[in-house]
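Welcome! Please take a moment to look over the protein shown here before reading on.

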Amino acid sequence: MSPDGGRLVIKCRRPGRWRAKTQDRDTAQSVVIILGNRKMAQYVKSAVMGSQDVKAQNLARDTVEPTKDTRITSDFGTKQSNTDDWLKVNGKDKTGPMLLEDGFGREKIHRFDHERIPERVVHARGAGAFGTFRLHESAADVTSAGILTDTSRSTPLFVRFSTVLGSRGSADTVRDVRGFAVKMYTDEGNWDIVGNNMPVFFIQDAIKFPDLIHAGKPEPHNEVPQAQSAHNNFWDFVYGHSEATHMYMWTMSDRAIPRSYRMMQGFGVNTYTLINDGGERHFVKFHFTPELGVHSLVWDEAFKIAGQDPDFHRKDLIEAIDNGVFPRWKFGIQTIPESREHDFDFDVLDATKLWPEDLVPVRCIGELELNRNVDEYFTQTEQIAFCTSHIVPGIGFSDDPLLQGRNFSYLDTQLSRLGINWQELPINKPVCPVMNFNRDGAMRHTTSKGKVNYWPNRFDAQPPATEAEGGYVDYPQQVAGIKERARSAKFRDHVSQAQLFFNSLNEVERSHLIAALSFELDHCDEAIVYERLTQRLADIDLGLAQTVADMVGGKKPEKAGRQNHGRKAKGLSQADFAPEKPTIASRRIAIIIADGYDGGAFKAMLSALEAAKATPVIIGTRRSLIFAAGEDASSSSSGGMTGVTPDHHLEGQRSTMFDALFIPGGSKSTETLLKSGRAMHWVREAFGHLKTVAATGEAVALLEKAFQLPGVTISSGAEAVESYGVVTLKDVKPEGLGEVVGAAKNAKGFLDKFVTSVAQHRCFQRELDGLSTQVAY
Ligand code: HEM
């Protein structure tokens, strides 16, 4: 079997040269691969074991599962017969004192008392999953790294997504940067890309990181607020550090409230280097682009979900993977030859700047897929520990002053959180051998045999690897300079790219950014903070500064601090990242029913959604059997139709948990829903959050009553109508429902119009034309 599951034939052509013939997974055509000894050995290993399995097998050694056949033991292995009562000296039917002698009791409480470890100092709240990295195109022209040159490999990995500011128990959907940390278990060692969902950062030099985080986290005197930057200290800090200007424009944009971890980009942010076989070096930035497109919540929704379902993002990730709709990202690199380092008007080592794609295109060479949920949160998602300094041969650092500091910080922080032997924890352990003379320390697991624990030794035991054996060789970089605390001149431009970002957003995105800034500064109650900031905004764009000043009560600036250069770049607006093929896969769609609903329309929608791999969720007026028109409880016992049990009832969820709503007709069910304020709120709120809302038959009246907007056209006959993402069909006949042909613009039938509308993610025209704000929600 080939690593892709096809039949594999391997022949030796001449010593050291191997020929493998297999079938391409997608096209079923024959593929011939010629490889040297080492690479063919790796290829055969992944063929026999499956690369994914290498890490799974590695973890299996430390995995146990309670079953009916296993029995409770103490930590030292003795089976226990009673784990519910502490050993006591009782009288007859009288409870007496407990005995200190009870080692089992003491052990249980003692283990519980020590369950917590320090949470991460930043990025404390997170969710993760296992997956695979596959390379489609070799980048051998720029790197010798096996993972970026060997297209036959599939590399197991773990990704942890996170928010930055909140503590471990905070909500998922707060306005914040999202961490996007990837640990690739490569054959040459672990390679960690510890990135974010935004391509730039707040500061240029790592020495500022503690100040940034202190200012962003809850204020020290009262520990308020949790998990957000909407407070005096944060905005005071960014005023004092104009280098943060570009980044806070990103955090005030919709990027900071993603719809899903599966719908955000990932960026390595810092500048790394790639070194090829010829010893040439390129600067590199790493990119992950989601197959589902880049999408966000709207602020009112994000805000409400934080209370209604604080686990929204982690549940979304688990649900998609459990349903087999595996999230995928294209992996891309932007590279700049070392010789062109100074050819740009930004410094390529400055983490507050991105490399505009118009100047440095992203080359997509691989794919990251998440396909397995964790077995246990603590041992995997909590104990995984990333380090920017984890690199493999063919990849190197640059002089990016933020990266250099991070390389110290991550290794250091793992000591407080996990202890010196943290790399021996199963989730952190590489899949290749770890052999060295590092020894001892708290909680050492590995037993290293032999008489010597140093190199060189009289036995020549365990020498360092040569380059040919895969040893990491540092790039011979020439360094000369003046020892000083300073940055190069280009680091001093803090505004050009903030303008570039603002200009590149579309009208809706720009208005969201202005609203977000206004919200945040509205939460700053010290005038010096919001007044200074609104003045500062005039450096980016006068109109922006004036609008925000007006909203938050700042002094309206009269003239621009710096003229907006007016330039735009591609790849900054989320709208540039629509999925290649419109899809509703994994979209959560609520179908609201009450007794007497139209069973035909209901079933047609349900099967259309299932066929499109969406996630339909049935919401009833109660979570016990609901009967369609013509069904009733007595017909179920007489072998007739049996009703459906909803997944939730109307009070158990809110519209915020879904991407779209559908209400099938039925005169009795519509009558019930028309009298339900909660049902009305569901519909209005979904409309306000720009979601597709659909109804058939009598239920169309429900939408009319909910919106009462003449601008929204509603079906009045046998023709399906889509207007501002409101999809209706009054007279339901099977041909009117139609089939889902694809999410195409010229959709005709009701189902096709519905799916096409949901695939757009949100109906922004509704907001642009001022309709969403006319409905109370
Ligand atoms: C380019 C800028 C940065 C990015 C993209 C970034 C990203 C991340 C991410 C994704 C995590 C969470 C890792 C996980 O899921 O466990 C993290 C944690 C952390 N970061 Fe950063 N960070 C940046 C800058 C910095 C700087 C400048 C420092 C310090 C000088 C720093 C120190 C830390 C620390 C101490 C943790 C906690 C690590 C742990 O406990 O596992 N970060 N960072």
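The report below goes from the whole protein to two of its regions.

## The protein as a whole

What you see is a predicted model. Its secondary structure comes to 22 helices and 20 strands. The radius of gyration is 29 Å, close to the 28 Å that the globule rule gives for 777 residues, so the protein is as compact as a globular protein of that length. If you follow the C-alpha trace along its principal axes, the protein spans about 90 × 85 × 70 Å.

How much of the protein counts as buried? Of the 777 residues, 45% do. Contacts also reach across the sequence: among those between residues at least 6 apart, 70% join residues at least 24 apart.

## Around the ligand

Now turn to the ligand, which has 27 residues around it. The ones that come nearest are R120, H123, R160, G179 and S409. Four elements each give two or more residues to this shell: strand 5 (154-163), strand 6 (178-186), strand 7 (189-196) and helix 10 (401-418). Helix 10 provides the largest share, seven residues.

What kinds of residue make up the shell around the ligand? There are 13 nonpolar residues, ten polar and four charged.

## The two annotated residues

An unreviewed UniProt entry lists H123 and N196 under "active site". These two span 74 residues in sequence, yet their C-alpha atoms are no more than 10.5 Å apart, so they gather at one spot.

Let's take H123 to begin with. You will find H123 in the loop between helix 3 (103-113) and strand 4 (126-135). Is H123 buried or exposed? It counts as buried, because it has 23 C-beta neighbours inside 10 Å and 20 or more are needed for that label. Setting aside neighbours within four places in sequence, H123 is in contact with S162, V164 and G179.

N196, by contrast, is found in strand 7. N196 counts as buried because 25 C-beta neighbours lie inside 10 Å. Beyond its neighbours within four places in sequence, N196 is in contact with V177, R178, G179, F180, F267 and V269. G179 thus appears among the contacts of H123 and among those of N196, and G179 is also one of the residues that come nearest to the ligand.

## A seven-stranded sheet

Further along the chain, look for an open sheet of seven strands, in the order 16-15-14-17-18-20-19 and with mixed pairing. Its edges are strand 16 (648-649) and strand 19 (721-723), each of which pairs on one side only.

Inside the sheet, strand 14 (residues 588-593) has strand 15 (residues 615-620) as a parallel partner, with six bridges between them. There, I593 has G620 in strand 15 as its bridge partner. Strand 14 also runs parallel to strand 17, joined by three bridges, and I591 stands opposite F662 in strand 17.

Strand 17 in turn runs parallel to strand 18 (residues 692-696), with four bridges joining the two. Here L661 stands opposite V693 of strand 18.

## Both faces of strand 17

In a regular strand, the side chains alternate between the two faces of the sheet. Which residues of strand 17 (residues 660-663) lie on each side? A660 and F662 are on one side, with L661 and I663 on the other. All four are buried, and both faces of strand 17 are covered.

Methods: Residues are numbered from 1 along each chain as its sequence is written. This is a predicted model: local features need pLDDT of at least 70, side-chain atom pairs count only at pLDDT 80 or more; totals for chains, interfaces and linings use all residues. A residue is buried if 20 or more other C-beta atoms lie within 10 Å of its own, exposed if 12 or fewer, and partly exposed in between; C-beta atoms are placed from the backbone. Two strands pair if DSSP finds at least two bridges between them. A residue is near a molecule or strand if its C-beta atom, placed from the backbone, lies within 6 Å of it. Ala, Val, Leu, Ile, Met, Phe, Trp, Tyr, Cys and Pro count as nonpolar, Asp, Glu, Lys and Arg as charged, and the others, Gly among them, as polar. The radius of gyration is taken over C-alpha atoms; the globule rule is 2.2 Å times the number of residues to the power 0.38. Two residues are in contact if their C-beta atoms, placed from the backbone, lie within 7 Å. UniProt positions are given in the numbering used here, feature names are shortened, and annotations may be inferred rather than shown by experiment.
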